[in-house]
Structure formats: C-alpha cells, structure tokens
Amino acid sequence: MAQALKAIKGMNDILPPDSARWEWLEDKVRTLMARYGYANIRTPIVEPTALFVRGLGEVTDIVEKEMYSFEDRMNGDQLTLRPENTAGVVRAVAEHSLLYDGGKRVYYMGPMFRHERPQRGRYRQFHQIGAEALGFAGPDVDAELILMCRSLWRDIGLSDVRLELNSLGQPEERRAHRQALIAYFERHRDQLDTDAQRRLHSNPLRILDTKNPAMQSLVEAAPKLMDFLGEASLKHLDAVKAVLDANGLSYRINPRLVRGMDYYNLTVFEWVTDRLGSQGTVCGGGRYDYLIEQIGGKPAPAVGWALGVERVLELLKELGVQPDTPAPHAYAVIPQAGALPRALQLIEGLRAAGVSVLMHAAGKEGPGSMKSQFKKADASGARFALVFGEDELAQGQVAVKALRDAQQPQVLRPLDDPAAWAAELLDA
Ligand code: ATP
Ligand code: MG
C-alpha cells in the first residue's frame, strides 16, 4: 500500500458531526447580518503580496513571519494566501468603486492562512467571520459593530467574553506618543527582548503588544497613547462609550490594546475570554480610516471586526453549549430489495414536500435484517420510521411508526399522495 498522505500541519479537516456546529454558527451569522443590513462579500483567497505588505504594515507579526507567500510559476508574480480579509475587502471596494453612491456594509466568512506554531485555538489555516462598514466616519457605526457582536454572542449562547476598548487616535497623536515611547524604552533598553530591540525604532507601538511575560511590567508603565489624544479623538471615543453605556454593555478601557495591524486608528476593541489560555481573543476590530488610501483607493473612512471561528466554537464547547443539530424527520426501513422502486418514489415525494428522509442503504448482500435496520433508524435520531413492508406495499400503503413516542400508534399512509400527509412528519 502507498504511504498514507496527511493534511498539512496546522490545517484541519472539519468533519461530521462537528461540521454541523460550523453550519449552525454560519446560519446564525447570516441571520444576524440581515438584521443589521450587512451584505455578503466574497473575495479571492490569493492576493498580491503587496496588498498585505502595504495594508498591514511591514513591521507586523503577520508580514514579518506569518504569511504564506509564493511566486506564480507562470508569470513570476508575488502572491500570498490571505492572512486576514480586511485588506482584500478594501481592495475590492476600491477596485469596483463600491462607495460611489455612499457607504457600504459587508460581511464575509472564510479561511485565512498564517504560518504560526499550531496549538489549541491557533492554526495555520483558520477561519474568520468579519464585518466591515466602509464610507462611514462617525462613531455610530463603531458602536453598531460592537453591539452586533454582543447580539451574536446572545444568539449563540456565548457567555464569558468581555469587551476591551481603546482609541489609537490619529497619526499626529501617535507620532507624539511614539517619541515618548521610544525615549521610555531607550531608558530601559536592558529590559527589552530581541524582538522589542529590533522594533524600538521601526514600530515601538508594537512592543506594547508583546506576549513576553518578562516584559509585562515594563510595558504596563510605558507612556499611554490615551494621554496624547486630542479633543476630536476623545470626543469620538466618548460617543462610542455613550452608546455602549446606554445599551448596558460594559467594557474595560485597555490603554495597551494596540491590535496586530498598523492600519487602525481611533476606536479599537477586542472581545476576550480567560477560558482559552493565551489564545483568549475571540474577536478583534476597529477603525481604519487610512487603509483605503494606503492601498491606492479614493480616501474613505471604515471600521470593522473579525472573529476566529475555531476559538468561538472551542469556547462554546468549553461552556457546554450544545447547538441543536438537526436529525432527519424519518428513516426509511426497506425490508426487501423488491420494495426499492416504490419506496424511493414515495421518499422523493416526501423530500419534495420538505421532509428529510434518511434511506436505509443496502449493501451488496441486500438490505439487512429488520432488527438491524431499526437499530440504525433509532441511532439516526429520526422521529419516525417509514416501513415499506410487503403487505403494506400490496395495499398501496406505507407504515409510519413513531420512534420516540411509544404511545403513538402506528398508522398506514397512501404511497401515491405524499404531499397530503407529509406535514405529519414535520416538526410539531
Ligand atoms: P492573536 O493575538 O491571538 O495572535 P491576532 O491579533 O493575530 O490574534 P487578528 O488578526 O485580530 O488576531 O484576527 C482576528 C481573530 O482571528 C482573532 O481574535 C482570533 O480569534 C482569530 N485568529 C487569529 N489568528 C488565528 C490563528 N492562527 N488560528 C486561529 N484563530 C486565529
Ligand atoms: Mg496573531
């Protein structure tokens, strides 16, 4: 036998029955997005490498060490598997002048790729669901997007996540803060790890994002961007806070929250939990008013968030939330092969009427004993068995037997008019 091939490390198969949990979450998201007026957008998984280098910033974890980049063999183009999707959405919106008649609200779901060390909640192919509101400058949309997350947590039964909020202000405010930050870290150079030393002059803000425990107290005492914000930035933050307050949504202002990409300004936020170890951020987002311009589009403000599907599902599991995954309405028990044509005719009629029917599949040796068929019917979770016995078929009928309710009598139903009684099998 040939050596068995395996999936790439950090890239997972999503198999049944687990895949039902994914579909359940995706359905909840579609309903949520419709409620908030966000339309679906789908962009390519492969983009020009330059999009991420220019969009995310050269001195970021993603661009420095996490991107899957390669050269197109046909023409030498530099390409990258998308590590996130905000840049791709922005490219698409600019390329197709989607903002020509005003702002747009969009959402996406799909795989992202980052070369990281695989561990619980951190994979090389992972999935994000994201929402972006483009062309809107006001704090109202920031607040709407945050409230939308809370609404999703409620819809899926996710508790134990809390909101952290910060403002990154505007570029000139960041520059003043940056000078103070560099001066501070230079005074404490001996306490910086090699990553931080390297970033001291290229991107000192990123040092605040360090996961190195040895640097926590140093970073804790560093100059805070919040103290450098001007009146307009503070007003924007206050307006977001006022909406959250009015909606009873509590949050913590975290002055160290800087996020992993360079493109953010003003509002940034994260939804975090203590239950997933160091992979505790389930969702992150913020405003990125300069990104569109940065990648060559007509300047327009924007704000959005992205959540990690694996982390959300992991947290739900941790919390014991069991999404209801649908069982078939009926299981078709087919005692002998001769019954198959008539049985399938009826089953197709029921399916056309909206009934989900799992057909007993016969092996090469025939359909198998009634006992084994009923065992499978039971295990399927179906509420009814449709029994295509010889006597019933001869009378043009099928027996309908309730599997979950011993009191409910077995009944006979006509083979030739499934639409007339299909509703009996649907969920009460
Ligand atoms: P972290 O600090 O955990 O590396 P991040 O800041 O890199 O996260 P973002 O780029 O903001 O993450 O992506 C948004 C969300 O996507 C994260 O909050 C997380 O839930 C999820 N995510 C990011 N990277 C991964 C990964 N490698 N595997 C699984 N989920 C991920
Ligand atoms: Mg990361």
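User: In this predicted model, is Asp61 buried, partly exposed or exposed?

Analyst: The model is predicted. Buried means under 20% relative accessible area and exposed means over 50%, with partly exposed in between. The relative accessibility of Asp61 is 27%, so Asp61 counts as partly exposed.

User: Which residue forms a salt bridge with Asp61, the closest N and O atoms being 3.6 Å apart?

Analyst: Asp61 belongs to helix H3 (residues 61-66), and its partner lies 4 residues away in that helix, about one helical turn. The partner is partly exposed, with a relative accessible area of 46%. With the closest N and O atoms 3.6 Å apart, the residue that forms the salt bridge is Lys65.

User: How many residues apart in sequence are the parts that Arg198 and Glu64 tie together?

Analyst: The closest N and O atoms of the Arg198–Glu64 salt bridge are 2.9 Å apart. Arg198 lies in helix H7 (residues 194-202) and Glu64 in helix H3, so the separation in sequence is 134 residues.

User: Where does Arg120, the salt-bridge partner of Glu318, lie?

Analyst: The closest N and O atoms of Glu318 and Arg120 are 2.8 Å apart. Glu318 is in helix H11 (residues 309-318), 198 residues from Arg120, which lies in the loop between strand S5 (104-113) and S6.

User: Which strand supplies the largest share of the shell around ligand 1?

Analyst: Strand S6 (125-134), strand S10 (281-287) and strand S11 (302-308) each supply at least two residues of this shell. The largest share is 3 residues, and it comes from S10.

Note on methods
Residues numbered from 1 in each chain as written. Chains lettered and ligands numbered in written order. Predicted model: local features only at pLDDT ≥ 70, side-chain atom pairs only at ≥ 80, totals over all residues. Heavy atoms only, no water. Salt bridge = Lys/Arg side-chain N within 4 Å of Asp/Glu carboxyl O. Buried < 20%, exposed > 50% of the residue type's maximum accessible area, 1.4 Å probe, protein only.
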